[in-house]
Amino acid sequence: MSLLVVGSVAFDAIETPFGKTDKIIGGAATYICLAASYFYKPVNLVSVVGDDFPADVLADLEKRGVNLEGLAVRKGEKSFFWAGKYGTDLNTRMTLATDLNVLASFDPTVPEGQRKPDYLMLGNLVPDLQFKVLEQLKHKPRLIVMDTMNLWLDTAREAVLRNLRHVDLLMVNDEEARLLSGEYSLVKAARAILAMGPDFLIIKKGEHGALLFHRNEVFFAPALPLEEVFDPTGAGDTFAGGFLGYLAGTRDVSYENMKSAVIYGSAMASFVVERFGPERLMTVKKDEIRQRCRSFLELVQVDIRLN
Ligand code: AMP
């Protein structure tokens, strides 16, 4: 059994209504790997950084069960850098800087021994790079999950559509689902996207939870109403890591089990937003995760009498 994650490992600078950070650790794959490693090990990572990326962070990832054989460290080059600023409601985000640096010439190479993954997470990345990973696979994984973003839907739509024919589950936010489908209603958007290839679709709605679509069925999980929300960066990636890590850990990719995975993904995401960057993901304990999943159950449980 194996889990492969592809995506960015980066430096981020974040500004929210509650404060501002200088360069901190970020990157979609960083969040995905950290979250997944609570449920499944090893997590095989394929990505690239420059030699400015802190060795102690890489050592910490390894200690958590993230296999770095597929992480290229480029001498004399800089890591990917992203800067973003959130509006007062934390739902709107403006990108202030995207310095591709090492990512500009990234040619993902999956190590020979990792080309038969059972679970694959294609984190948000240039769609052609996501496809290059698919081309290196030696068999069809049990589940391929793909993330993307509005930038690629605007600039590389055909490549996204091609990828969609090869993946099992697409994970996007509501705005991206509307952009991809051309439909405002999320139910209609889901129907249109499922017709593009994937069997499953997750639409993330930030503080309003997540929807899981499969054929004509839909499952909804709310997000926990949190007292402390500091920084939503990486919440979507953390959700993805928790979701796929849980499926891999339970070896069950059925729709029913995906409903539980959505709750675990949501629980992980509820932690990451409590601090800047991935800090909280590095300290959360398994007991706290369990407790938060219990809070999710309490949030939605109701004894309703139908007359
Ligand atoms: P999220 O908040 O889930 O959308 O993910 C935020 C993370 O995505 C940050 O840590 C960034 O480093 C990373 N990121 C932002 N833009 C890009 C991009 N164009 N390609 C790859 N990763 C990105």
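A polar contact is taken here as a pair of N or O atoms within 3.5 Å, where, within protein, one atom must be able to donate a hydrogen and the other to accept it, and where residues adjacent in sequence count only if both atoms are side-chain atoms. The model is predicted, so that local features need pLDDT of at least 70 and side-chain atom pairs count only at pLDDT 80 or more, whereas totals for chains, interfaces and linings use all residues. Residues are numbered from 1 along each chain as its sequence is written, and side-chain values use heavy atoms, with hydrogens and water left out.

Around the ligand there are 17 residues (a residue is near if one of its heavy atoms lies within 4 Å), of which Ser8, Asp12, Gly27, Gly234 and Asp237 come nearest. An N or O atom in the side chain of Arg93 is 2.8 Å from an oxygen atom of the ligand, a polar side-chain atom of Asp12 lies 2.4 Å from a ligand oxygen atom, and a polar backbone atom of Gly234 is 2.7 Å from an oxygen atom of the ligand. Of the 510 Å² of accessible area that the ligand has on its own, the protein covers 89%, as computed by the Shrake-Rupley method with a 1.4 Å probe. Two or more residues of the shell are given by each of β2 (10–16), α1 (28–36), β7 (80–86) and α8 (235–250), the helices (H or I, at least four residues) and strands (E, at least two) being DSSP runs numbered from the N terminus.

Away from the ligand, the description turns to the nonpolar cores, each a set of buried Ala, Val, Leu, Ile, Met, Phe, Trp, Tyr and Cys residues joined through side-chain atoms within 4.5 Å; buried means under 20% relative accessible area, exposed over 50% and partly exposed in between (1.4 Å probe, protein chains only). In the largest core, which has 67 residues, Ile202, Phe243 and Val262 touch the most other members, and helix α9 (residues 255–272) supplies the largest share, 10 residues. A second, separate core of 43 residues includes Val46, Leu170, Ile193 and Leu194.

Two further residues may be described individually. Arg292, found in helix α11 (residues 286–300), is buried because its relative accessible area is 16%, and its side chain is joined to that of Glu274 by a polar contact of 2.8 Å. Phe220, in strand β14 (residues 217–221), counts as partly exposed because its relative accessibility is 42%.
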